[in-house]
Amino acid sequence: MTESIIQINDLHKSFGDTPVLRGLNLSIEKGEITFIIGRSGGGKSVLIKLIIGLLKPDSGQILVDGHDIVPLGDHDLNRVRHRFGMLFQNAALFDSMTIGENIAFPLVTHTGLKEKEIEELVEQKMAMVGLEGIQDKMPTEISGGMRKRAGLARAIILEPEILLFDEPTTGLDPIMAEMIDDLIVQTQERTNVTSIVISHDIPATLRIAHNVAMIYEGQIVTYGTPAQIQASDNHIVQQFLTGEGEGPMYLGD
Ligand SMILES: Nc1ncnc2c1ncn2[C@@H]1O[C@H](COP(=O)(O)OP(=O)(O)OP(=O)(O)O)[C@@H](O)[C@H]1O
Ligand SMILES: [Mg+2]
């Protein structure tokens, strides 16, 4: 039996007069990889920012292990955030720090590890994502793909229980994209981490996901295994999967 680690109930979020999430319900199963798909501007990034408490919803609940994080203040939220690792859509590295310092940052701020131990962990994670030897480079000196991999190394460095990936492979060449996809799978298999992945890559979604949730008009229009999603008789879902109509248009990054 699966067990939910995150339970989202009737979530609403608007910006000004524009509703983005309109009563969204979703369960995230512990130790599984759940992909969130849907058209550009549909609210996917907003949803994961709500899940880690970077945004507050207008109403609704976000239960993490049964505890609603919506009413929490910064102090309590920080404790919950330790359980999450996040790879932002634009990698969000600190421009004033080297790549090595960026990846070490969570260890420096959240652990009492010695410099030598931190160095070793940073080297180990950099090797995992294929970034050996560029510790001393600045984020502006490396490519977008390398920044994304550095962001991934930083997201996994504290070995969090829940990993959130916002378009981890967008903008990467196919070989690099597959490498990141494989890393997501390996990380889940090795550590049994719960992963939530936002993606516009339908073939990768169907290949890797345990569960797929599609956002449409502010709600989850379909949820299930890749096989269940593919067998859906909802025409919105079918159009999206085949790239027609509301298809996986992507203009960013
Ligand atoms: N901080 C904000 N202030 C105002 N509007 C916002 C804010 N963040 C997001 N939005 C709006 O909310 C909507 C959903 O945005 P979101 O970034 O979640 O889309 P998305 O599904 O992640 O799209 P993409 O696939 O292009 O990344 C968009 O219309 C966006 O302009
Ligand atoms: Mg987004």
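Reader: Hello! Where is Glu-167 found?

Author: Welcome, and please keep in mind that this is a predicted model. Glu-167 comes after strand 7 and before helix 6 (174–191), so to speak, in a linking stretch. Its place is the loop between strand 7 and helix 6.

Reader: Is Glu-167 buried or exposed?

Author: A residue counts as buried if 20 or more other C-beta atoms lie within 10 Å of its own. Glu-167 has 22 other C-beta atoms within 10 Å. The backbone there also has a positive phi of about 50 degrees, although Glu-167 is not a glycine. By its neighbour count, Glu-167 is buried.

Reader: Glu-159 is not a glycine either; what is its phi?

Author: Glu-159 sits in the loop between helix 5 and strand 7 (162–166). With 13 other C-beta atoms within 10 Å, Glu-159 is partly exposed. Its phi is positive, at about 45 degrees.

Reader: Which residues is Pro-160 in contact with, leaving aside its neighbours within four places in sequence?

Author: Pro-160 also belongs to the loop between helix 5 and strand 7. It has 19 C-beta neighbours inside 10 Å, and the threshold for buried is 20, so Pro-160 counts as partly exposed. Its contacts beyond those neighbours are Arg-83, Phe-84, Gly-85 and Val-193.

Reader: How many Å separate the C-alpha atoms of Pro-160 and Asn-25?

Author: Along the chain, Pro-160 and Asn-25 are 135 residues apart. In space, their C-alpha atoms are separated by 24 Å.

Reader: Let's turn to the sheet. In what order do its 6 strands stand?

Author: The 6 strands form an open sheet with mixed pairing. Strand 6 (84–87) and strand 10 (219–224) stand at the edges, and each has a single partner strand, so one side of each lacks a neighbour in the sheet. On average, neighbouring strands are turned by 15 degrees against each other, direction ignored. The order is 6-7-8-3-9-10.

Reader: In which sense do strand 3 and strand 9 pair?

Author: Strand 3 covers residues 33–37 and strand 9 covers residues 211–216, with 4 bridges between them. Thr-34 stands opposite Asn-211 in strand 9, and Ile-36 stands opposite Ala-213. The sense of the pairing is parallel.

Reader: What is the bridge partner of Val-212 in strand 10?

Author: Strand 9 and strand 10 run antiparallel and are joined by 5 bridges. They form a hairpin with 2 residues between the strands, in which Glu-217 takes a positive phi near 50 degrees. The partner of Val-212 is Gly-224.

Reader: How many of the 6 residues of strand 9 are buried?

Author: Strand 9 is largely enclosed by the rest of the structure, because most of its residues pass the burial criterion. For the whole chain of 253 residues, 36% count as buried. In strand 9, the number of buried residues is 5.

Reader: Which helices do the buried residues of helix 3 pack against?

Author: Helix 3 spans residues 99–110, and its buried residues are Ile-99, Gly-100, Asn-102, Ile-103 and Ala-104. These residues pack against helix 4 (115–128) and helix 5 (144–156).

Reader: Around ligand 1, which helix gives the most to the shell?

Author: Of the 12 residues around ligand 1, Phe-15, Ser-40, Lys-44, Ser-45 and Val-46 come nearest. The shell divides into 3 nonpolar, 8 polar and 1 charged. The helix that gives the most, with 3 residues, is helix 1 (residues 44–51).

Reader: Is Pro-203 buried or exposed?

Author: Pro-203 has its place in helix 7 (residues 202–208). Its C-alpha atom is separated by 8.9 Å from that of Leu-241, 38 residues apart along the chain. With 10 C-beta neighbours inside 10 Å, Pro-203 counts as exposed.

Reader: Finally, what radius of gyration does the chain have?

Author: The chain holds 9 helices and 10 strands, and its C-alpha atoms fill a box of roughly 55 × 40 × 40 Å along the principal axes. Among contacts with a separation of 6 or more, 66% come from residues 24 or more positions apart. A compact globule of 253 residues would have a radius of gyration near 18 Å, and the chain agrees with that, at 18 Å.

Methods:
Residues numbered from 1 in each chain as written. Chains lettered and ligands numbered in written order. Predicted model: local features only at pLDDT ≥ 70, side-chain atom pairs only at ≥ 80, totals over all residues. Pairing = 2+ DSSP bridges. Axes fitted to C-alpha atoms, helices over the stretch in contact; angles between N-to-C directions. Rg over C-alpha atoms; globule rule 2.2 N^0.38 Å. Buried ≥ 20, exposed ≤ 12 C-beta atoms within 10 Å, placed from the backbone. Contact = placed C-beta atoms within 7 Å. Near = placed C-beta within 6 Å. Nonpolar A, V, L, I, M, F, W, Y, C, P; charged D, E, K, R; others polar.
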